[in-house]
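Visitor: Please give me a close look at a single part, the largest cavity. Then place it within the rest of the model.

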Amino acid sequence: MTEADRAPEAAAKPWLRTRARTVRGWTGLAAAAGLAATLAWIGFAALLASVAAQWIGQPGARPSTASALAVAPLLLVARSLSLALRDWAGSRASLRLRGTVRDELLDVLARLGPLRAAAGSDGALATVLVEQVDALDGYVARYRPQCVLAIGVPLLIVIAVLPQSWLAALLLGATAPLIPLFMLLVGQGAAAANRHQAEALATLGGRFLDLVRGLPALRLAGRSEWGAAAVHEGAQGYRRSSLRVLRLAFLSSTVLELFASLAIAMVALYLGLALLGRFPAGHYGGPMQLDAALFVLLLAPEFFTPLRQLGTDYHLRAQALAAATAIADLLRRAPPPQPSVVQGPSADRSEPAPTKAGGSSAIGSGPAAIEFDQVSLRHGDGRLALDRISFRVAAGERVLLRGASGSGKSSVLALLAGFLAPTGGCIRVDGRDLATLPRPAWWPRLAWLEQRPEWFAASIGDNVLIGLDGADPARLWHALTDAGLAADVEALPDGIDTRIDADGGGLSGGQLQRLALARALVRDAGIWLLDEPLAQLDPDTAADLQRTLATASRGRTLLMASHERTQAADPWIDRVLTLAAGRIVEDRPVLHGGPERR
Amino acid sequence: MSTRSGHAWRIVLRPHAGRFALAFVLGALTVLASLGLLALSGWFITAAAVAGAGAAAAAAFDIFRPGAVIRLCAIVRTAGRYGERLLSHDAVLGLLADLRLVCYRALARLAPEPLARWSEGELLQRAIADVEALDEAPLRAWLPLGWMLLVLAVVLALIGHVAPPLALAAAPWLAAAAIAVPLASSLLAGRAMRDLAVRAGRRREALIDLLRGLTTLSLYGAFEARRDDWRRLDQDLIDRRLRHRVLESCAQAVVVLLVGLGGWQLLRSGDRLVTDGAVAAPSLVMAVLASLATLEAFAPVAGALLAHARSRAAQRRLSDLLHAQPALPFGGTVATPAQTGALHLRGVARRHPGRADGIAPFDLDLPAGARLLVEGRSGAGKSTLLKLLARVVDPDGGCIVLDGTALTDYREDALRASIALLPQRPHLFAMSLAENLGLGDPRIGRSRMRAALEAVALGDWLARLPQGLDTRLGEYGTGLSGGEARRVALASVLLRGTPLVLLDEPFEGLDAQTEAAVVAGVHRWVGAGTLIVVSHRSVHFGVPAWRLRIEAGRVSLPRRDRD
């Protein structure tokens, strides 16, 4: 299981690195500012040491106390400014990166249209776009610059210490080869802790949510206290297992802490001995002087600070990796971009569409003839959804696509709407390749009806008139009448201004499908794509809606996907295409005048 | 409001106070050892340098005692940090567990109906994210603030001990770094942060709106405009966050600057004292290094009050949840559950303001032991009728009497022991089959569970399960077909053994043969109890049943089968 978990994470790693590189300028600035802060501190330490040396009357201590005291505040200000700059640049990098990733994700979702459901509920997708993208923050803003600092700062300090005392530099520098080891230790401990925590928290969160979701049932059964006991037990179990892991994880950073503390103590003891003249080796020439010793002592803690910070920040990387896994997974689902949309000019070069109502006028360009020519569709995971299917639908013909779930009928509709691109073959609309037709020109000709149409928390009128700002109210009523909903809407206390919820609450299932129908009618689209519009309705309501569909869709090209088990095609259907396993197994016209037999 | 939320918070916190106190002590030892390590080293080196100047003094200089203390500081710092981290995490996890429970109980009080007030995402947000923001307060605000005050006091005392005027010189700088900067930044950022949280919520809602209508918006050419609206919202939030961040890092930088300037001030003032011979150089160096070492304790404080503010915002939201009034208060006093399922409804109505689904006033009389079938189209109000009967919602008018007592007069436990409801979308828990059937009720034995599964025609299915009743069901009952899941939930409802049983579409997704078996099983199980079934199929119990139709919220008079 962990192996399977790690595979997508491994794929996310290069993605994350590539992405972080796009804001290299800002993270580089952050790292440079961090190094500048260290340089300022080195300068301040030197000044401080020289002042203290003059207190004990050390011969030859420079610069003079007065000038040292005058310059010191400037270095302190420079250090603070550098620190602020470091944070600011890191934040800039992170905000910029998150903005572009979010935009990209939204693009992908828009291209996927209804197919986004395969990637998760809209709530879950919003979580990816908001929370998961935000989880990249710490990695970009802090971890990346810190990686540079964890190497650069110790290096600067060793360079500064070396001229004063080679032994002190060695004492600190001896830990340098250990640094990668420390990073590994700290990193692995933190990563293990983080992974465990994330898993346990997800389990705990899942259990908690499960119990909260089931609360109505528990309350009605008078058993909510039992659920409380389960919540408590789960959280206590999480606490126990977490502590087991944390005990080890904290140990690794404690080792680092111990090294840091002992190194400082050892440097201090060595310096004391050298100053007393009891330890002749380790420095150059004459006896050790106080300014050199104090300078070294002040820098010793700084040597370890960035490394300790990196240990603290390591969880940011794990967090970002987990988020990147989710984000990269969503990005991978994007259909290949449509060439004509991406390259505007190429669309101009191709000849204009020979539609009878004039291809240039967007809305209401009438029914169209549709041709599938050897069309194949292979999903990203290698599954073949459609296998070289060919059929023609004449302008104004009404076709039922029948087949079990997974037979490919929804794929046919998604291809036609442009939410998917064929991996083989060609789809032609009035003789023109659909791939060369820019979506903004194609979409206004379509009406799309789903099993569960999408609604907005707005009035009934606004829900119908999406994208038609300032449309004539008469047109709206006309559409509602044709959809067989005018009487129902009039009966509502607030009429057309009655608000519905985003889940359509306020109207019944049948009324909602009629409302979706009105949406199609009001823009007089010539091509109707219906994906199981009757599936959620009870038989009586479904039969009513069928009758309305029969009259309303007259004169339009219509493709309606329907589950095998629903009743036989109504006589208003011109033709039935039966699909099975991505192939057309039957293509049969319906004889008008008689009921269709199976 | 704030005292109210503070109260709930204190109650949750109390059992963990001991562990937090211990974590504070260990943390205090750590920061003091850190401080001591640097200050003492500075003193030691300077004293050694002074002594080193004269050969006799150098020979007499005791290096062992200071050396031992320095090493002790190094070890205390390491061990203290380890202990403090472990303890404070333990305390926080314990707090988290208790908060979850408090949160769950608050939601339980509101269940079943008002849960619909919050979307699932929001529930999760409240329950999980807020609980985590809450425990930020002790870990990131209170403990660091406590250590900061301690370090401030200790360092000023130490400097004062070296030379009182020096303490006066350093105090303004250190106090400004420790107290003024965090206060100022929290004053500046506190309001902005509340605003940020509101805006973030709004952005999320706008995004969900955008995603929900994505297909429609893109097909009908309205996506780009909406997306630009959302982008503006997003950009606005990003700008505000950046400003907030800049404020935070500026506060941090100012703390660093002030601590540095405090050291510088000591250098300046000390320089005069040392040349006057009023202070020994080693002590002065110790004071300077001690004041510089305060940074380790002061730096986290710049963000402490912000963490506190975040936690307060979460506290307030949690408090809203804790003090939300349930839509259905249970004020009844009748403690005996109903003995029979005789029902009398008078003028019962339920309207949803501004919405089309609802039920117009109607009467209904049903004798004990009756079988009632409720028919009607989807959305006509059938489910609303069942919710009224189970007191998931109360009617806007009229009265429902079960076994001679109005539903509103029952105490909650008595009511729950009188009525069982199978909702249209029953919930199965990601737990064992037995737990799903009995919901932890010790009175329901395993043999009875098996019998109930037999009654819903799952006997053979159970026999095929290798782990039988201990089989774990996945989330949402995964591993079960839709029909099996519904029947497990149905068996759980039957096991409650109530005199009134309400079933919403219990036979959906069953083939004719299974349906007949389940109908017969349920009929037998309910026996002398009253059974009300909502179904759009015709159901035959083998005895005359009552039938009732609902058309657009209008309930017809029940009529009885004649067979």
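Guide: pLDDT is the predictor's confidence in each residue, on a scale from 0 to 100. This is a predicted model, in which local features need pLDDT of at least 70 and side-chain atom pairs count only at pLDDT 80 or more, while totals for chains, interfaces and linings use all residues. Residues are numbered from 1 along each chain as written, chains are lettered from A and ligands numbered from 1 in written order, and side-chain values use heavy atoms, without hydrogens and water.

The search of the whole structure finds 8 cavities of 30 Å³ or more. A cavity here is a set of points on a 1 Å grid over the protein atoms alone where a 1.4 Å probe fits but cannot get out, and its lining residues have an atom within 4 Å of a point. The largest cavity holds about 70 Å³ of space, a volume being the space filled by probe spheres set on the points, which are joined across faces, edges and corners.

Chain A lines the largest cavity with Trp448(A), Leu449(A), Glu450(A), Pro453(A), Glu454(A), Ala516(A) and Arg519(A). From chain B, the lining has Thr215(B), Thr216(B), Leu219(B) and Tyr220(B). Two or more lining residues each come from strand S6 (446-449) and helix H18 (509-522) of chain A and from helix H8 (214-219) of chain B. Helices (H or I, at least four residues) and strands (E, at least two) are DSSP runs numbered from the N terminus. H8(B) gives the largest share of the lining, 3 residues. By type, the lining has 6 nonpolar, 2 polar and 3 charged residues.

Now the surroundings, beginning with the contact between the chains. Contact, meaning heavy atoms within 4.5 Å, takes in 132 residues from chain A and 129 residues from chain B. The area buried between the two chains is about 11,700 Å², with 68% of it from carbon and sulfur atoms. Buried area is the accessible area (1.4 Å probe) that two parts lose on being put together, summed over both. On the chain A side, Trp55(A), Arg219(A) and Leu220(A) lose the most area to chain B, together 8% of what that side buries.

Each chain also has an assignment into domains, with bounds from an automatic or database source. In chain A these are domain 1 (12-332) and domain 2 (352-589). They bury about 500 Å² between them, with 6 residues of domain 1 in contact with 8 residues of domain 2. In chain B, domain 1 (3-322) and domain 2 (343-561) are assigned, and their C-alpha centres lie 55 Å apart.

Last comes confidence. Chain A has a mean pLDDT of 80, and 84% of its residues reach 70 or more. Among the elements of chain A, helix H12 (residues 344-349) has the lowest mean pLDDT, 37, and helix H2 (residues 24-55) the highest, 95. Where pLDDT is low, the predicted coordinates should not be read in detail. For chain B the mean pLDDT is 85, with 93% of residues at 70 or more. For the complex, the predictor gives an ipTM of 0.77 and a pTM of 0.77.

Technical notes: 1 Å grid on protein atoms, 1.4 Å probe; cavity = no way out; pocket = protein on both sides within 12 Å on 5 of 7 lines; lining within 4 Å. Nonpolar A, V, L, I, M, F, W, Y, C, P; charged D, E, K, R; others polar.
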